[in-house]
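Work through the exercises below with the structure open. Try each task before reading its solution.

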Amino acid sequence: MDTSVRGMVGSNPLVIFSRSNCCMSHTVVTLISNFGANPTVYELDQIQNGQQIERALRQLGYPNVPVVFIGQQLIGGEQQVMSLHMRKELVPLLKKAGAIWL
């Protein structure tokens, strides 16, 4: 993983790379927040090194946002997050990472 992405993910239990104008990013942030999580959200169109981070995420196989990390592990984009949610695996994953305590 790119060192800049690794540094941003750091020890945060939940990180979402997003764009401020992306409806799918907003949907994923809202879904996860509704479980009581407080994700660290990086709006790539609003941060200084956003283009560099987008290139690094593309190299990881995710050309579009959102890109979600839970417990420092790359989960993927909205399809992977929604799939975890539909299989009732998202909340246990968030709990295990310490992102929620319910």
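Two strands count as paired if DSSP finds at least two bridges between them. The model is predicted.

**Exercise 1. Place S1 in the sheet**

Task: Which residue in S2 stands opposite isoleucine 16, and in which sense do S1 and S2 pair?

Solution.
- Step 1. Isoleucine 16 faces valine 41 in S2.
- Step 2. Four bridges link S1 with S2 (residues 40-43), and the pairing is parallel.
- Step 3. Now turn to S3 (residues 67-70). Four bridges join S3 to S1, and these two strands run antiparallel.
- Step 4. Within S3, valine 67 is the residue opposite phenylalanine 17.
- Step 5. Widen the view. The open sheet has four strands in the order S2-S1-S3-S4, and its pairing is mixed.
- Step 6. S2 and S4 (73-76) are the edge strands; each has a single partner strand, so one side of each lacks a neighbour in the sheet.
- Step 7. From one strand to the next, the twist averages 20 degrees.

**Exercise 2. Follow the chain over the sheet**

Task: What is the handedness of the β-α-β unit made by S1, H2 and S2?

Solution.
- Step 1. Trace S1, then H2 (residues 23-34), then S2: the unit is right-handed.
- Step 2. H2 packs on the sheet and touches S1, S2 and S3.
- Step 3. The direction of H2 makes about 160 degrees with that of S1.

**Exercise 3. Judge the burial of S1**

Task: Which residues of S1 point one way, and which the other?

Solution.
- Step 1. In a regular strand, side chains alternate between the two faces of the sheet.
- Step 2. In S1, one set is Leu14, Ile16 and Ser18; Val15 and Phe17 point the other way.
- Step 3. Apply the cut-off for buried, under 20% relative accessible area. Five of the five residues of S1 (residues 14-18) are buried, so the strand is largely enclosed by the rest of the structure.

**Exercise 4. Separate the two cores**

Task: Which element gives the largest share of the largest nonpolar core?

Solution.
- Step 1. This core has 16 residues; Leu14, Ile32, Val68, Ile70, Val81, Leu90 and Leu94 touch the most other members.
- Step 2. At least two residues each come from S1, H2, S3, H4 (78-86) and H5 (90-97).
- Step 3. H2 gives the largest share, four residues.
- Step 4. Take isoleucine 32. Not counting residues up to four places away in sequence, isoleucine 32 touches Leu14, Ile16, Ala37, Val68, Val81, Leu90 and Leu94.
- Step 5. Another core, of 13 residues, lies apart from the largest one; among its members are Val15, Leu44, Ile53 and Val65.

**Exercise 5. Find the two sides of H3**

Task: Which residues of H3 (residues 50-59) are buried?

Solution.
- Step 1. They are Gly50, Ile53, Glu54, Ala56 and Leu57.
- Step 2. These residues cover an arc of only 160 degrees around the axis, so they lie on the same side of H3.
- Step 3. Gln51 and Gln59, on the other side of H3, are exposed.
- Step 4. The buried residues of H3 pack against H1 (3-9), S1 and S3.
- Step 5. Just after H3, glycine 61 has a positive phi of about 100 degrees.

**Exercise 6. Classify alanine 99**

Task: Is alanine 99 buried or exposed?

Solution.
- Step 1. Locate alanine 99 in the segment after H5.
- Step 2. Its relative accessibility is 6%, so alanine 99 counts as buried.
- Step 3. Leaving aside neighbours within four places in sequence, alanine 99 contacts Pro13, Leu14, Gly36, Ala37, Asn38 and Leu94.
- Step 4. Alanine 99 and isoleucine 70 are 29 residues apart in sequence, yet 8.0 Å apart in space, C-alpha to C-alpha.

Methods. Residues are numbered from 1 along each chain as its sequence is written. This is a predicted model: local features need pLDDT of at least 70, side-chain atom pairs count only at pLDDT 80 or more; totals for chains, interfaces and linings use all residues. Side-chain values use heavy atoms; hydrogens and water are left out. Buried means under 20% relative accessible area, exposed over 50%, partly exposed in between (1.4 Å probe, protein chains only). A crossover is right-handed if, with the strands pointing away from the viewer, the path from the first strand over the helix to the second runs clockwise. Axes are lines fitted to C-alpha atoms, for helices over the stretch in contact, and angles run from 0 to 180 degrees between N-to-C directions. Contact means heavy atoms within 4.5 Å. A nonpolar core is a set of buried Ala, Val, Leu, Ile, Met, Phe, Trp, Tyr and Cys residues joined through side-chain atoms within 4.5 Å. The arc is that of the directions from the helix axis to the C-beta atoms.
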